[in-house]
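Student: I should like to learn how to read burial, salt bridges and helix packing in a protein model. May we work through an example together?

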Amino acid sequence: MSRSSPRPSGTSPHRGFKDPSFQRSLALFRAFLREQDDPEACYSLLARDAADQVEVYDGPVAGRTVVDVGGGSGYFTEEFRRRGAHAYLFEPDLGELGAKPPDGAVVADGYLLPLRDAVADVTFSSNVLEHVADPQTFLSELARVTRPGGLVYVSFTNWLSPWGGHEWAPWHYFGAERARARYRRRTGRAAKHTLGENLFAVHIGTTLRQVRARDDVEIVSARSRYWPFLAEGVVKAPGLREFATWNLLLILRRCPP
């Protein structure tokens, strides 16, 4: 299957900020700074932005089936529903679902989704890949439940980005255990993430090679999710991309069987 990168095929009627742009990147960055104090504002903005991206690449989601894998407390699922989609949340961690998950949320492992083949028009996974031990099996499951011609949206924070260590970043550059120990000293509590248990060192170059070798999906776009300019260009620079991309967004198209 050829690996083409066509222009986005649709325009979202809900478009907020121009993507990419400094205004959008600044708004998202400010929201991330308030994540702990105001998660509602942070993740609602991120959900609107991600839904806009899906609609730019694949047209309006109204009336279509969207499967949100690993979507936590459901901000993305709720946003897709607001836009008229039949959206369903599958989350493996009860703690991440929160007190009021979306109606119909299912506790399920992304390695083995309780869904038939080809049931989704869009399969969506935001910032999950770095938390799974076997990314290729996870991607295979996303592809399996997506209909031929459907869209697979996958983003993840790569290990060498400034945020690769999550709550103990950027000290992960000096070693995971040292970074975790520093976090405990500074906050008085254990870090949420442990390298090799619920956080894994996923790299852009390796991931791109693995995805390009697959025959069940083709790459529509490989870009920085948040970068304010040259969002696709930065991903084409080996070495630099591992640090500068921050978060890789893969827009994939499900190939016919």
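Tutor: Let us begin with one residue, D216. This is a predicted model. Buried means under 20% relative accessible area, so D216, with a relative accessible area of 14%, is buried.

Student: With which residue does the side chain of D216 meet in a salt bridge?

Tutor: The general idea is that side chains of opposite charge can pair when their charged atoms come close. In this case the partner of D216 is R214, at 2.8 Å from N to O. R214 also counts as buried, because its relative accessibility is 11%.

Student: Which residues are joined into one network by salt bridges that share partners?

Tutor: The network consists of D52, E55, E79, R82 and R83. Within it, R82 forms a salt bridge with E79, and their closest N and O atoms are 3.1 Å apart. Both residues lie in helix α3, 3 residues apart, which is about one turn of the helix. R82 is exposed, with a relative accessible area of 57%, whereas E79 counts as buried at 7%.

Student: How many salt bridges are there by this rule, and which residue forms one with D19?

Tutor: The count comes to 14 salt bridges. D19 pairs with R223, the closest N and O atoms being 2.8 Å apart. Since D19 lies in the segment before α1 and R223 in strand β6, the pair ties together parts that are 204 residues apart in sequence. D19 is buried at 17% relative accessible area, and R223 counts as buried at 4%.

Student: How should I read the packing of two helices, and at what angle do α1 and α2 pack?

Tutor: One reads the angle, the distance between the axes and the residues in contact. Helices α1 (residues 22-33) and α2 (residues 39-58) pack at about 145 degrees, with their axes 8 Å apart. The contact involves R24, A27, L28, A31 and F32 of α1, together with C42, L45, L46, D49 and Q53 of α2. The crossing is left-handed.

Student: Is R24 buried or exposed?

Tutor: R24 is buried, because its relative accessible area is 0%. Among the residues that R24 touches are D19, D49, Q53 and R223.

Student: Which residues form a nonpolar patch on the surface?

Tutor: They are W171, Y173, F174 and F243, with about 430 Å² of accessible area together. F174 is placed in the loop between β5 and α6. At 53% relative accessibility, F174 counts as exposed.

Methods:
Residues are numbered from 1 along each chain as its sequence is written. This is a predicted model: local features need pLDDT of at least 70, side-chain atom pairs count only at pLDDT 80 or more; totals for chains, interfaces and linings use all residues. Side-chain values use heavy atoms; hydrogens and water are left out. Patches are made of residues with over 30% relative accessible area and no salt bridge: like charges are joined within 9 Å, nonpolar side chains (Val, Leu, Ile, Met, Phe, Trp, Tyr) within 5 Å. Accessible areas come from the Shrake-Rupley method with a 1.4 Å probe; for residues, only the protein chains shown count as cover. A salt bridge is a side-chain nitrogen of Lys or Arg within 4 Å of a carboxyl oxygen of Asp or Glu. Helices (H or I, at least four residues) and strands (E, at least two) are DSSP runs, numbered from the N terminus. Buried means under 20% relative accessible area, exposed over 50%, partly exposed in between (1.4 Å probe, protein chains only). Axes are lines fitted to C-alpha atoms, for helices over the stretch in contact, and angles run from 0 to 180 degrees between N-to-C directions. A crossing is left-handed if the near helix is turned anticlockwise from the far one by less than a right angle, and right-handed if clockwise. Contact means heavy atoms within 4.5 Å. Lists of a residue's contacts leave out its neighbours within four places in sequence.
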